[in-house]
Amino acid sequence: MRCSLNEIDSQLRKAARGAGLPWGLAEEAGKAARWLEMHGIACLPVFAALFERNDGRNYDEIAIMPAEGLWRAKGGTLCPLITGAALVDRAEEIAAGRTVELEVVAWPVLLVPFAAAAAKATGSGIALAWPGVQFSFEDRLVVRSNATLDVTKMASVPHASCGRLVGRAQGKIVKPEIASTVVDESVWARLDVFVERTYVPASEESRLKGAGAGLLDTD
């Protein structure tokens, strides 16, 4: 099935909310999915896998624990959506020279749009890296990557970092060229499992107010 970027954004916002994330982070998940798909990074299976991995876990287990110099999660693995949003919150510090070091983080490719947002917000060059991979964001919003492997297959990495870009960016330019993309229907169905959790069950009161067919169903 072919989906527009708007459809992908909407689906991911609802799925993230159904997966238990607050509305603010759910909106960021939609934007992140749009950015990745627009740049040719097929991320929907990654989002589905992340939501399935975190299903049933408390927010505190996957969020950032306060620590000196290193971000880590109480449950052992950071959620890239929570972590990415925190990177944007600290964009000015990163642009000023602070390097944020992350311990084990799930699906690090989902951090990429947040690092791009931090670079855009500050007008500074920023680099996001994990073993074997670096994404660079130049001050003119040129994105480069040295990745030669499929970053969407990396379920977790033991370490990642985000800091000010030093020197010239290296790697191939990643261009925003895609307006729509082909989506595997089985992946869409996995996301639908979480989307359906956002639906309000029908009640007599809601039917009286006009939801659904009402109390008098003439079909």
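**Exercise 1.** In this predicted model, find how strand E6 (residues 126-130) is joined to strand E10 (residues 160-164), and place both strands in their sheet.

Solution. Start with the pair itself: E6 and E10 run antiparallel and are joined by 4 bridges. One residue of this pairing is Ile 126, whose bridge partner in E10 is Arg 164. Next, widen the view to the sheet, which is open and has 6 strands in the order E4-E10-E6-E7-E8-E11, with antiparallel pairing. The edges are strand E4 (100-102) and strand E11 (172-173); each has a single partner strand, so one side of each lacks a neighbour in the sheet. Finally, look for a helix on the sheet: H7 packs there and touches E6, strand E7 (133-137) and E10. The direction of H7 makes about 160 degrees with that of E6.

**Exercise 2.** Determine how helix H5 (residues 80-89) and helix H7 (residues 112-122) are oriented to each other, and what kinds of residues form their contact.

Solution. Two packed helices are described by the angle and the distance between their axes. Here the axes come within 8 Å and cross at roughly 10 degrees. Angles under 35 degrees count as roughly parallel, so H5 is roughly parallel to H7. On the H5 side, the contact is made by Pro 80, Leu 81, Gly 84, Ala 85, Leu 87 and Val 88; H7 supplies Phe 114, Ala 117 and Ala 118. Sorted by type, these residues comprise 8 nonpolar, 1 polar and no charged.

**Exercise 3.** Establish how far helix H3 (residues 44-54) is covered, and by what.

Solution. Count first: 8 of the 11 residues of H3 are buried. They are Leu 44, Val 46, Phe 47, Ala 48, Ala 49, Leu 50, Phe 51 and Asn 54. Their cover includes helix H1 (5-18), helix H2 (23-38), helix H4 (59-62), H5, strand E5 (105-106) and helix H8 (185-195). Then take Phe 51 alone: among the residues it touches are Leu 12, Ala 15, Leu 81 and Phe 194. The largest nonpolar core has 68 residues, and Phe 47 and Phe 51 are among those that touch the most other members. After H3 comes Gly 56, with a positive phi near 90 degrees.

**Exercise 4.** Locate Lys 153 and decide whether it is buried or exposed.

Solution. Lys 153 lies in the loop between strand E8 (143-145) and strand E9 (156-157). Its relative accessibility is 67%. The cut-off for exposed is over 50%, so Lys 153 counts as exposed. As a last step, compare sequence with space: Lys 153 and Trp 107 are 46 residues apart in sequence, and their C-alpha atoms are 8.0 Å apart.

Methods
Residues are numbered from 1 along each chain as its sequence is written. This is a predicted model: local features need pLDDT of at least 70, side-chain atom pairs count only at pLDDT 80 or more; totals for chains, interfaces and linings use all residues. Side-chain values use heavy atoms; hydrogens and water are left out. A nonpolar core is a set of buried Ala, Val, Leu, Ile, Met, Phe, Trp, Tyr and Cys residues joined through side-chain atoms within 4.5 Å. Buried means under 20% relative accessible area, exposed over 50%, partly exposed in between (1.4 Å probe, protein chains only). Contact means heavy atoms within 4.5 Å. Axes are lines fitted to C-alpha atoms, for helices over the stretch in contact, and angles run from 0 to 180 degrees between N-to-C directions. Helices (H or I, at least four residues) and strands (E, at least two) are DSSP runs, numbered from the N terminus. Angles under 35 degrees count as roughly parallel, over 145 as roughly antiparallel, 65 to 115 as roughly perpendicular and the rest as oblique. Ala, Val, Leu, Ile, Met, Phe, Trp, Tyr, Cys and Pro count as nonpolar, Asp, Glu, Lys and Arg as charged, and the others, Gly among them, as polar. Two strands pair if DSSP finds at least two bridges between them. Lists of a residue's contacts leave out its neighbours within four places in sequence.
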